[in-house]
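Colleague: I should like to learn how to read a model of this kind, beginning with the whole chain and ending with a single residue.
Modeller: Let us then look at the model together.

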Amino acid sequence: MGAFATVIVPHDGSRLADTAQPFAAELARATGSAVVLLRVLEERRPIFNVARRELTWFSRSTTRGELSASEILAGPLAWFKEQGLPAQPVIRFGDPRSEIVAEAAAHPRPVIVIASHGRGGLGRVLLGSVVTRVLQTAACPVFIVRARRPEQQAEAVRFRRIAVALDGSELAEQALPVAIDLARDTGAAVELIRVADTYRDEVPPEPERFLTSPAYEAMLQDFDRREAETRDYLERTTAVLREHGLDVSWHALSGDPARQILGYVEDNPPDVLLLTTHGRGGLARWVYGSVADHLLTSASVPLLLVRSTVQPAPA
């Protein structure tokens, strides 16, 4: 059984939204998934029908519109057909924040694959209210791709290296089964990443005399302890994953989680960075706080966000 069974591809009709298509196609091929192309119409407004070369009006009272979907989604449908992948076109009416999630919930083992920019209803999918709501409410993984202009878009995608961000918690480790399945499906190597939350990168390499105190030395010893725990954890987790026959490596970082993870994946870009939407410490903020802001707004690598099934315990 592959990592996914259905690849949901929301599309707003813009060329920027096409960025997600090669990633969706490769996921579908590797996992043997069905492809569902989704267009969400937020309100009763005219849509230019390319096939008929005319404006077409749709009623908001209609929840699905398969009869016209093949015309509205003609461009993406043709692209997937050229890739040898049949796609099911679906039109939904309403709020994209809920309709995307509702469509995904109607299919077995879905993953939502979406570009981070667009126009119309999906123009806010990443950097606004829509993605926030999708990430908060979607039970399925969400694969986020940074949108590119047509001339910058990849023609084809291969998953050769999957990075997994961990924080040592069981909640963060819920990303590992998805990583294992996806690595098996694609043949990709897996790299485990964890940041020792030391903020060592804020400590001057040559501190002033007044900083060389017992308290300062105790802080450095605490940093050393946390870094050693991080390395030990990654070594143990790597050994477990290698029992699945995977090519697994690890990389330990130290300092501010947001800066360290972002800097590392930008300097050593994986084909996808996988993490859960809950965790503790740094990862607890990765989707709903400062670390997430850095990744979602600044990272150029694709992100695969897996929702944990258990809420983190209160601090």
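**From the chain to one residue**

Modeller: In this predicted model, residues 24 or more positions apart account for 77% of the contacts in the protein chain that have a separation of 6 or more.

Colleague: How many helices and strands does the protein chain have?

Modeller: The protein chain has 9 helices and 12 strands. Of its 315 residues, 51% are buried. Its accessible surface is about 14700 Å², and carbon and sulfur atoms hold 50% of that area.

Colleague: In what order do the strands of the open sheet lie?

Modeller: The open sheet is formed by 10 strands, in the order S5-S2-S1-S6-S7-S12-S11-S8-S9-S10, with mixed pairing. Strand S5 (87-93) and strand S10 (248-254) are the edge strands, each pairing on one side only. On average, neighbouring strands of this sheet are turned by 25° against each other, direction ignored.

Colleague: Which helix packs on the sheet by touching S1, S2 and S5?

Modeller: That is helix H3 (residues 74-82), which contacts strand S1 (6-10), strand S2 (34-41) and S5. The direction of H3 makes about 170° with that of S2. Helix H6 (residues 176-186) lies across S8, S9, strand S11 (272-276) and strand S12 (303-306), and runs at about 175° to S8.

Colleague: Turning to the edges, is S5 mostly covered or mostly uncovered?

Modeller: S5 is mostly covered, with 6 of its 7 residues buried. S5 runs parallel to S2, and 7 bridges join the two strands. One of the bridge partners in S5 is arginine 92, which pairs with valine 40.

Colleague: How is the other edge strand, S10, joined to S9?

Modeller: Strand S9 (residues 189-196) and S10 run parallel and are joined by 7 bridges. Glutamate 191 has serine 249 as its bridge partner in S10.

Colleague: How should one read a single position within a strand?

Modeller: The general idea is that side chains in a regular strand alternate between the two faces of the sheet. For the case here, take alanine 163, which lies in strand S8 (residues 161-166).

Colleague: Why does alanine 163 count as buried?

Modeller: Alanine 163 counts as buried because its relative accessibility is 0%, whereas the cut-off for buried is under 20%.

Colleague: Which residues does alanine 163 touch, beyond those up to four places away in sequence?

Modeller: Alanine 163 touches Glu191, Ile193, Pro270, Val272, Leu273 and Leu274. Alanine 163 and valine 248 are 85 residues apart in sequence, and their C-alpha atoms are 9.8 Å apart in space.

Key:
Residues are numbered from 1 along each chain as its sequence is written. This is a predicted model: local features need pLDDT of at least 70, side-chain atom pairs count only at pLDDT 80 or more; totals for chains, interfaces and linings use all residues. Side-chain values use heavy atoms; hydrogens and water are left out. Helices (H or I, at least four residues) and strands (E, at least two) are DSSP runs, numbered from the N terminus. Buried means under 20% relative accessible area, exposed over 50%, partly exposed in between (1.4 Å probe, protein chains only). Contact means heavy atoms within 4.5 Å. Accessible areas come from the Shrake-Rupley method with a 1.4 Å probe; for residues, only the protein chains shown count as cover. Two strands pair if DSSP finds at least two bridges between them. Axes are lines fitted to C-alpha atoms, for helices over the stretch in contact, and angles run from 0 to 180 degrees between N-to-C directions.
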